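Q: Could you take a close look at the place where the ligands sit and walk me through the surroundings?

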Amino acid sequence: MQISRYSAPEFDPYGEARQTETDDGWRAPVATAPLSSVLALPGSKSLTNRELVLAALADGPSTLRAPLWSRDSELMIEGLRALGTGFERVAGRGGFGDDLRVLPASELLGSTTIDCGLAGTVMRFLPPVAALALGPTTFDGDEGARRRPMAGSVLALQALGVDLDDDGRGALPFTVHGAGRVEGGALEIDASASSQFVSGLLLSAARFERGLDLTHTGDRLPSMPHIEMTIETLSARGVDVQSPEPGRWLVNPGAIRAIDVDIEPDLSNAAPFLVAALVAGGSVTITGWPAETTQVGAQLARLLPLFGARVERDADRLTVHAPTPGDDGGRGILGVELDLSEAGELAPNLVALAALADAPSTILGIGHIRHHETDRLAALAAEINGLGGRVTELDDGLRIEPAPLHGGPWRAYADHRMATSGAIIGLAVPGVIVDDIASTGKTLPQFTALWEQMLA
Ligand SMILES: O=C(O)C1=C[C@@H](OP(=O)(O)O)[C@@H](O)[C@H](O)C1
Ligand SMILES: C=C(OP(=O)(O)O)C(=O)O
């Protein structure tokens with residue numbers, strides 16, 4: 001078992017949930033009454049890690065207000081620091097830690113090693129930055145990180161003329177021998193395994209001498225909203241970025257403007273809490289829900305009604321109300337037929353919900369999540385079936401049929417979203433024990449404290 005060891009310094013990831021720990025792991029609390037919870041959540045991982053990269057490449061200092069403090073964002077900070085970026089923590093008004101002032105290096109320098117942990121954003125966003133630095137930068141990460149696909153980044157940089165040593169597997173570890181400049185120009189890549197290959201190149205491309213004319217050649221491209229998020233964060237900093245046709249992006253060379261930005265709450269991390277309303281009954285409200293956003297978590301407002309929930313917006317609050325329970329004693333959770341290719345990040349929590357539904361579900365378009373923190377299709381099938389469930393792996397998704405579940409161990413595979421999926425099932429099924437709840441520190445070190453707050 002791989003155990004995650006991260007907690008943001010100012011937060012105890014176990015918080016009030018400490019009494020529910022056992023030697024084998026974290027005993028997921030059962031919901032004993034309908035919920036009526038109002039919660040605020042820390043900043044978005046995807047926004048924080050994009051803004052960190054852009055601020056480090058910008059033409060002056062930028063402040064990130066209410067950034068995420070978690071393992072993934074701290075790995076990004078440490079990676080950029082290793083290349084010469086300066087950081088100052090400044091007192092923030094948000095409830096989840098300091099703001100962060102980012103001081104770009106006058107010259108990015110390699111001769112360093114970057115630990116990517118298990119963070120896709122670090123391993124895919126920083127190699128192009130290292131190519132702009134002078135000197136060698138070696139990238140490595142957790143054991144699980146070495147299994148994640150990196151060919152999209154490796155082949156792209158090599159095609160751009162960057163000297164990159166790898167062992168030909170298209171995986172970590174590898175070394176980028178940065179020359180302090182990248183010429184840029186036309187480039188074709190296959191990003192069917194991860195949208196992050198595209199985002200990583202676009203984020204640095206304005207600093208390439210000829211910019212970038214990037215074409216995706218694969219037959220599918222997952223997680224499109226994340227590419228839109230990349231484009232929006234670039235545009236906000238004055239970068240000229242266009243997508244003249246699907247699968248092609250043009251970035252003109254030019255300055256990346258220093259600006260101060262507010263980081264939105266992480267709407268994908270809202271998923272377990274909003275899903276909890278359907279499982280436990282009652283309602284859960286998330287505050288600070290942005291009116292407009294590129295975060296894929298915003299799709300929960302459209303997706304959860306398909307499972308029977310009622311969703312309500314009131315100014316910056318989003319509330320999910322449980323469905324009306326059926327006469328047969330079921331929770332009234334409906335089965336769904338979903339294509340989640342845009343929102344694979346939400347799949348683990350929605351599959352956990354589907355496992356508690358009164359009717360079968362099929363969730364497709366998510367073959368690429370086999371390459372996330374773990375093979376999420378195999379992991380979800382194994383863990384739900386281990387509790388008595390009936391989940392079948394398909395090439396591109398999962399079929400989930402209703403079955404009575406019982407308690408037992410739930411392995412997280414060092415995957416934050418597997419851990420929160422175990423917590424969701426544990427709300428309804430007594431005796432679910434998550435082996436590595438600390439894996440939630442990847443993007444939400446406060447998970448157990450917030451979960452207890454939701455249940456209080
Ligand atoms: O760019 C990003 O911030 C992300 C892109 C997506 O990756 P994939 O395209 O690999 O699914 C998403 O699943 C991941 O959690 C975050
Ligand atoms: C796939 C995920 O993370 P990463 O950024 O490491 O790819 C995720 O958070 O669900």
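A: Here is a tour of the ligand sites, then of the parts around them.

One caveat up front: this is a predicted model, where local features need pLDDT of at least 70, side-chain atom pairs count only at pLDDT 80 or more, and totals for chains, interfaces and linings use all residues. As for labels, residues are numbered from 1 along each chain as its sequence is written, while chains are lettered from A and ligands numbered from 1 in the order in which they are written.

The protein splits into domain 1 (15-42 + 265-455) and domain 2 (45-262), with bounds that come from an automatic or database domain assignment. Their C-alpha centres are 29 Å apart. Across the boundary, 19 residues of domain 1 are in contact with 23 residues of domain 2 (contact: C-beta atoms, placed from the backbone, within 7 Å). The side of domain 1 that touches domain 2 has 6 nonpolar, 9 polar and 4 charged residues. In that count, Ala, Val, Leu, Ile, Met, Phe, Trp, Tyr, Cys and Pro are nonpolar, Asp, Glu, Lys and Arg are charged, and the others, Gly among them, are polar.

Now ligand 2. Around it you'll find Ala119, Gly120, Thr121, Glu345, His372, Glu373, Arg417 and Thr443, where a residue counts as near if its C-beta atom, placed from the backbone, lies within 6 Å. By class, that's 1 nonpolar, 4 polar and 3 charged. Both domain 1 and domain 2 give residues to this shell, so ligand 2 lies between them.

Ligand 1 has 13 residues around it, and Ser46, Ser194, Ser195, Ser223 and His226 come nearest. Its shell divides into 1 nonpolar, 11 polar and 1 charged. Each of the two domains supplies at least three residues of the ligand 1 shell. Helix H3 (120-132) and H5 each put in at least two; helices (H or I, at least four residues) and strands (E, at least two) are DSSP runs, numbered from the N terminus.

Follow H5 (residues 196-205) away from ligand 1 and you reach a sheet. Its 4 strands form an open, mixed arrangement in the order S11-S12-S14-S13, with two strands pairing if DSSP finds at least two bridges between them. At the edges are S11 (185-189) and S13 (241-245), each pairing on one side only. Inside, S12 (residues 212-216) and S14 (residues 248-251) pair in the antiparallel sense over 4 bridges, and leucine 214 has tryptophan 249 in S14 as its bridge partner. Helix H5 packs on this sheet, touching S11, S12, S13 and S14, and its direction makes about 175 degrees with that of S12 (axes are lines fitted to C-alpha atoms, for helices over the stretch in contact, and angles run from 0 to 180 degrees between N-to-C directions).

How values were computed. Contact = placed C-beta atoms within 7 Å.
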